[in-house]
Amino acid sequence: MLRPTAAHLVYGSGTVVGATVALLLTLGPASGPGVALVGVAALLLGLLVTLGLALLRARARAETRAGAAGTGLPEGRDAPRPEPEPASSLRR
């Protein structure tokens, strides 16, 4: 199940506010149903942004787990890098 973080909710809320202001200024609805339609459209857009970000995060997390499972390392750990050779061994 998708669980949006606080940042996702902030982005979604910002989208709702921004979309509402932009649509009201652009369309200029004079009736109550027009304003309600703009509000519903903005809420749906905010929901889409919030869940879309949560879905992207879940997909990235699944890819990270799949990559870590293939290396045999714990999640979030990279394969060890070889030690660089000392500069003195490179000289002849």
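**A two-helix chain in a predicted model**

Val40 is partly exposed, its relative accessible area being 46%. This value, like those that follow, comes from a predicted model. Val40 belongs to helix 2, which runs over residues 32–71. Together with Leu2, Leu44, Leu47, Leu51 and Leu55, Val40 makes a nonpolar surface patch of about 510 Å². Leu55, another member of this patch, is also placed in helix 2. With a relative accessibility of 40%, Leu55 counts as partly exposed, because that class lies between the limits of 20% for buried and 50% for exposed. Leu2 and Leu55 are 53 residues apart along the chain, yet their C-alpha atoms are separated by 6.8 Å.

The chain as a whole contains two helices and zero strands. Of its 92 residues, 11% count as buried. The accessible surface of the chain is about 7,400 Å², and carbon and sulfur atoms account for 66% of that surface. Among contacts in the chain with a separation of 6 or more, 62% are between residues 24 or more positions apart.

Helix 1 comprises 22 residues, from 6 to 27. At 1.5 Å a residue, helix 1 should span 32 Å, and the 31 Å between its end C-alpha atoms agrees with this expectation. The buried residues His8, Gly12, Val16 and Ala19 are found in this helix. They cover an arc of only 85 degrees around the axis, and therefore lie on the same side of helix 1. The spacing can be read against the geometry of an α-helix, which has 3.6 residues a turn, so that residues three or four places apart point the same way. Ala6, Val10, Val17 and Leu25 are exposed on the other side of helix 1. After helix 1 comes Gly28, which has a positive phi, near 60 degrees.

Contacts of individual residues were then examined. His8, in helix 1, has a relative accessible area of 9% and is therefore buried, the cut-off for this class being under 20%. When neighbours within four places in sequence are left aside, His8 is in contact with Thr50, Leu53, Ala54 and Arg57. One of these partners, Thr50, is located in helix 2. Thr50 is buried as well, with a relative accessible area of 9%. Residues up to four places away in sequence not being counted, Thr50 touches Pro4, His8, Leu9 and Gly12. Two of the residues touched by Thr50, His8 and Gly12, are among the buried residues of helix 1.

A further set of contacts involves Ala42, which also lies in helix 2. Ala42 is buried, with a relative accessible area of 0%. Its contacts, apart from those with neighbours within four places in sequence, are with Val16, Ala19 and Thr20. Val16 and Ala19 are buried residues of helix 1, and they belong to the group that lies on the same side of that helix. The C-alpha atoms of Ala42 and Val17 are separated by 7.5 Å, although these residues are 25 positions apart along the chain. Val17 is exposed and is placed on the other side of helix 1.

Conventions: Residues numbered from 1 in each chain as written. Predicted model: local features only at pLDDT ≥ 70, side-chain atom pairs only at ≥ 80, totals over all residues. Heavy atoms only, no water. Helix = DSSP H or I, 4+ residues; strand = E, 2+ residues; numbered from the N terminus. Expected span 1.5 Å × (residues − 1). Buried < 20%, exposed > 50% of the residue type's maximum accessible area, 1.4 Å probe, protein only. Arc of directions from axis to C-beta. Patch = residues over 30% accessible without salt bridge, like charges linked within 9 Å, V, L, I, M, F, W, Y side chains within 5 Å. Areas by Shrake-Rupley, 256 points an atom, 1.4 Å probe, with all protein chains shown as cover. Salt bridge = Lys/Arg side-chain N within 4 Å of Asp/Glu carboxyl O. Contact = heavy atoms within 4.5 Å.
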